[in-house]
Amino acid sequence: LLSACFAHGMIIPTTNLNEFRMSSEAQRLHASFPSAGFTRRLAAWVYDLLVAAAIIMLASALALLFAALLTSFNWLVLSDDMDHAAWLAQGPWYSLYLITVVAVFFGWFWKRSGQTLGMRAWRLKLQNRDGSRLTNRQVFIRLLTCCGGLGNLWVLVDFKNRRAWQDYAAATEVVTLSKEANQLFYWNEL
């Protein structure tokens, strides 16, 4: 639409540019929800912390299984004073593996629907300021700048916009959905 307007010589005021970017009624609806406050963010963070702990346990079990398979095929020989867990913990790779697993968990939910399980339970949605979904670049920036959720403390200081550090860095926002909007699954058109 924008390229067609420019091709025909139409002039679009920059203040209305966001209206042209909003492609659907659902996107306009999501852009109108209020920014989420600190209490809801904290509740969703605690909920997601429990889910992340379960995912870390599952990823650890898979890593231990992998180490056990290596030793059963004699591809890995452990000394008498070392078990599989000690072998995993001896270098940075296991920690990087767990960080990657947690980052993929959050990144996948943020990219796909804008809601983790905790955000869904507390009716929060992560989105662009115009209501659209995040890009891969925005997800990556959020993951790098969220500081394990501590970036949300900035919401206590930013009374006007109620945005966290990661929201500013990635040009995103977390909004509080209505009960009805939280039940809808039409986000594929966003």
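How many aromatic pairs does the count come to? The total is seven aromatic pairs, in what is a predicted model.

1. Phe105 and Phe109 form an edge-to-face pair: the ring centres are 5.1 Å apart and the planes stand at 70°, and planes over 60 degrees apart count as edge-to-face. Both residues belong to helix H6 (residues 93-112), where four residues, about one turn of the helix, separate Phe105 from Phe109.

2. Burial of this pair can be stated per residue. Phe105 has 11% relative accessibility and therefore counts as buried. Phe109, at 18%, counts as buried too, because the cut-off is under 20%.

3. The rings of Phe106 and Trp110 are tilted, with centres 5.8 Å apart and planes at 45°. That angle falls in the tilted class because it is neither under 30 degrees nor over 60. Phe106 and Trp110 are also in helix H6, four residues apart, or about one turn of the helix. Both Phe106 and Trp110 are buried.

4. Which residues do ring pairs link into a cluster? The members are Phe105, Phe106, Trp108, Phe109 and Trp110. The cluster thus takes in the edge-to-face pair of Phe105 and Phe109 as well as the tilted pair of Phe106 and Trp110.

5. Trp110 has a further contact, with a charged residue: Arg142 lies over the face of the Trp110 ring, 4.9 Å from the ring centre.

6. A charge is also placed over a ring at Tyr168. Here the charged end of Arg163 sits over the Tyr168 ring, at 4.4 Å from the centre.

Conventions:
Residues numbered from 1 in each chain as written. Predicted model: local features only at pLDDT ≥ 70, side-chain atom pairs only at ≥ 80, totals over all residues. Heavy atoms only, no water. Phe/Tyr/Trp six-rings, centres within 6.5 Å; stacked < 30°, edge-to-face > 60°. Helix = DSSP H or I, 4+ residues; strand = E, 2+ residues; numbered from the N terminus. Buried < 20%, exposed > 50% of the residue type's maximum accessible area, 1.4 Å probe, protein only. Lys NZ or Arg CZ within 6 Å of the ring centre and 35° of its normal.
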